[in-house]
Amino acid sequence: MDVQQHSVSPRDDFYRTYSAAQVDAIVDSLVQRGEFPYELTYLGDGSEMWREAETPSDAEHSPMLSDFDTLLTSHAARLLAVAPSASPVRIVDLGPGTTRPVRGLIRHLLDESRLAGYRAIDISAQILELARQNLGNDFPGHAGRFELCRGDFTGPDLARVLAAEGDGADTVRFVVLAGGTLYNFADPARVLRHVCHSLRDDDALLLTLRIDTGVDRPPFMDQISVGGPYKPQQLAGLDLLAVDRSWYVTETGFDRDRSDVFVRVRFLEPVTVTFAVGDDQRAVAFEPGDTVLVWRYLYHDAAAVADQLGRCGLRVRLFEHGQDKQVVLVAATPAR
Ligand SMILES: C[S@@+](CC[C@H](N)C(=O)[O-])C[C@H]1O[C@@H](n2cnc3c(N)ncnc32)[C@H](O)[C@@H]1O
């Protein structure tokens with residue numbers, strides 16, 4: 001039987017969505033690691049599902065709040081106790097998404113007259129626009145306190161958002177990395193060291209994470225599940241490459257060596273994607289059986305979370321479970 005070879009070029013909106021440097025990074029990642037960088041699926045259309053998740057905040061239509069949305073709020077007073085008493089607090093939100101998880105903390109700091117300001121950095125212009133709208137709706141009259149910056153917090157842009165011009169010497173920063181974002185990176189320890197390096201002694205890193213509690217483990221940890229579960233946005237990057245969903249199957253599983261839960265696609269048919277990179281072209285070929293990873297999540301237990309933070313120069317000051325015991329809030333300060 002003849003197997004059809006598919007030759008495609010990325011859709012027009014791929015080039016509208018990504019800068020030349022990001023196109024290069026996508027090609028490099030596909031070639032070198034067989035991975036589509038998940039953080040880049042938050043750009044363009046990929047941001048839409050976050051918008052959909054943000055439902056009206058009136059009581060009648062109030063959204064189902066998860067522990068990820070409520071943990072920072074329900075422990076706001078205890079988080080404040082981690083900072084020196086009476087010091088103003090600046091929130092620096094790394095990857096704010098809808099801002100839903102931090103708005104209760106902002107409210108608490110405003111009520112306590114402790115909010116020095118809120119700054120967010122996100123790789124996605126569309127997500128930042130969503131964040132701006134949501135903050136404006138919840139805090140009319142405070143727009144001047146909110147700064148939203150486009151950039152990549154895993155690189156030099158982090159120093160820019162942590163810069164303290166205008167803040168008093170006693171202002172502490174609460175650096176928020178919420179919604180499990182940290183564990184989506186291929187090398188979370190590198191990101192942690194990068195953040196820790198930029199913290200001052202009184203600053204705190206606030207994480208919300210899903211962890212392994214040893215119970216209710218997903219069934220695909222024992223055996224790869226072909227065909228799901230996965231979320232549509234995890235395939236958004238391949239959609240932009242014009243790779244048809246019928247040319248591959250999805251596999252959800254667990255990589256024991258890395259402790260990563262993952263979603264990847266496994267090609268059924270040969271596909272070549274040809275990218276325009278400046279005046280050049282770069283082709284990436286996939287054979288039947290080849291895989292491309294589209295999402296990963298480090299699945300650590302509580303001890304491994306604390307151990308990794310310690311190795312990256314941070315000391316755990318607060319560790320709280322949500323109603324769903326797998327969702328935790330961790331506050332850590334530099335261990336120097
Ligand atoms: C999992 S969502 C979490 C959103 C929000 N913090 C929450 O808890 O709901 C990850 C967010 O981080 C952003 N992001 C991911 N990697 C990033 C990077 N390297 N630099 C800047 N933003 C990034 C995404 O665009 C997205 O808004």
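Mentor: Let's start with a term: buried means under 20% relative accessible area, exposed means over 50%, and partly exposed lies in between (1.4 Å probe, protein chains only). This model is predicted, so local features need pLDDT of at least 70 and side-chain atom pairs count only at pLDDT 80 or more, while totals for chains, interfaces and linings use all residues. Residues are numbered from 1 along each chain as its sequence is written, and side-chain values use heavy atoms, leaving out hydrogens and water.

Trainee: Thanks! How far apart are the N and O of the salt bridge between Asp 203 and Arg 173?
Mentor: A salt bridge is a side-chain nitrogen of Lys or Arg within 4 Å of a carboxyl oxygen of Asp or Glu. Asp 203 is buried at 0% relative accessibility, and Arg 173 is buried at 3%. Their side chains meet with N and O separated by 2.7 Å.

Trainee: How many residues apart in sequence are Arg 282 and Asp 28?
Mentor: These two form a salt bridge, with the closest N and O atoms 2.9 Å apart. Arg 282 sits in strand 11 (residues 280-286) and Asp 28 in helix 2 (residues 20-33); helices (H or I, at least four residues) and strands (E, at least two) are DSSP runs, numbered from the N terminus. The pair therefore ties together parts whose separation in sequence is 254 residues.

Trainee: Why do Cys 196 and Cys 312 not form a bond, and how many disulfides are there?
Mentor: A disulfide is a pair of cysteine sulfur atoms within 2.5 Å. For Cys 196, the closest cysteine sulfur is that of Cys 312, 7.7 Å away, so it is too far for a bond. The disulfide count is 0.

Trainee: Which atom of the ligand lies 2.6 Å from a polar side-chain atom of Asp 122?
Mentor: A polar contact is a pair of N or O atoms within 3.5 Å; within protein, one must be able to donate a hydrogen and the other to accept it, and residues adjacent in sequence count only if both atoms are side-chain atoms. A ligand nitrogen is 3.0 Å from a polar backbone atom of Ile 123. At Asp 122, the partner at 2.6 Å is an oxygen atom.

Trainee: What share of the ligand's exposed area does the protein bury?
Mentor: Accessible areas come from the Shrake-Rupley method with a 1.4 Å probe; for residues, only the protein chains shown count as cover. Taken alone, the ligand exposes 590 Å². Of that, the protein buries 95%.
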